[in-house]
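Subject: A structure to look through

Hello! I am passing a structure on to you, with some notes on what turned up in it. Please open it first and keep it beside you as you read.

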Amino acid sequence: MKTYRLEQATEIFRAGESTGRLVAEGEQADVVILTLVAGAHIPEHALELPVLFAVAEGSATLTAGGESSELSAGDVAEVPPGELREWKNTNDSTCLIFVVK
């Protein structure tokens with residue numbers, strides 16, 4: 001078994017004050033924690049693999065495949081490979097999202 005610590009995560013993405021940090025890089029999947037500050041927007045993009053998003057704290061809007069959904073702490077969304085997605089945090093608090101890809 002291998003364990004990982006959030007405070008040792010490596011920053012792999014930055015857009016203003018919002019960040020993506022690689023928590024774990026496994027044989028089958030990677031885990032990233034996405035921190036979206038208030039007012040943050042991550043522009044539309046796609047990955048060629050399925051992605052799970054689990055909101056741990058706060059809320060933000062995920063738009064994927066032309067459909068938008070406000071996700072809050074405890075919500076999980078799956079986006080299939082190649083589907084465009086974007087995030088917007090229109091709230092006045094930070095949103096933390098675990099990303100499994």
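Let's begin in the middle of a sheet: strand 5 and strand 10 run antiparallel to each other, paired over five bridges. Two strands count as paired if DSSP finds at least two bridges between them. Strands themselves are DSSP runs (E, at least two residues), numbered from the N terminus. Within this pairing, Leu52 lies opposite Val100 in strand 10.

Before going further, please keep in mind that this is a predicted model, in which local features need pLDDT of at least 70 and side-chain atom pairs count only at pLDDT 80 or more, while totals for chains, interfaces and linings use all residues. Residues are numbered from 1 along each chain as its sequence is written, and side-chain values use heavy atoms, with hydrogens and water left out.

The six-stranded sheet

Strands 5 and 10 belong to an open sheet of six strands in the order 1-2-3-10-5-8, with antiparallel pairing. Which strands stand at the edges? They are strand 1 and strand 8; each has a single partner strand, so one side of each has no neighbour in the sheet. From one strand to the next, the twist averages 25 degrees. Such angles are taken between axes, which are lines fitted to C-alpha atoms, and run from 0 to 180 degrees between N-to-C directions.

As general background, strands of a sheet pair through backbone hydrogen bonds, either parallel or antiparallel. You can follow the antiparallel kind through this sheet. Strand 2 (residues 18-25) pairs with strand 3 over six bridges, and there Ala24 has Val31 in strand 3 as its bridge partner. Strand 3 also pairs with strand 10, over six bridges, with Leu34 opposite Ile97 in strand 10. At the other end of the order, strand 5 and strand 8 pair over four bridges, and Leu52 has Glu78 in strand 8 as its bridge partner.

Two strands with two faces

Look next at strand 8 (residues 76-79), where the side chains alternate. Ala77 and Val79 point to one face and are buried, while Val76 and Glu78 point to the other and are not. Why does Ala77 count as buried? Its relative accessible area is 14%, and buried means under 20%, exposed over 50% and partly exposed in between (1.4 Å probe, protein chains only). The C-alpha atoms of Ala77 and Val55 are separated by 8.7 Å, although the two residues are 22 residues apart along the chain.

Strand 10 (residues 95-100) also has two faces: Cys95, Ile97 and Val99 make up the covered one, and Leu96, Phe98 and Val100 the uncovered one. Leu49, in the loop between strand 4 and strand 5, is partly exposed, with a relative accessible area of 32%. Between Leu49 and Val99 there are 12 Å from C-alpha to C-alpha, and they are 50 residues apart in sequence.

The four-stranded sheet

There is also an open sheet of four strands, in the order 4-9-6-7 and again with antiparallel pairing. Strand 4 (41-45) and strand 7 (67-72) stand at its edges, each with a single partner strand, so one side of each is left without a neighbour in the sheet. Neighbouring strands here are turned by 20 degrees against each other on average, direction ignored. Strand 6 (residues 59-64) and strand 9 (residues 85-88) pair over four bridges, and Thr61 stands opposite Lys88 in strand 9.

An aromatic pair

How many aromatic pairs are there? The count comes to one: Phe53 and Trp87 are edge-to-face, at 5.2 Å centre to centre and 75 degrees between the planes. The rule is that rings of Phe, Tyr and Trp (its six-membered ring) pair if their centres lie within 6.5 Å; planes under 30 degrees apart count as stacked, over 60 as edge-to-face and the rest as tilted. The pair links distant parts of the chain, with Phe53 in strand 5 (residues 51-57) and Trp87 in strand 9, 34 residues apart. Both Phe53 and Trp87 are buried.

I hope you enjoy exploring it!
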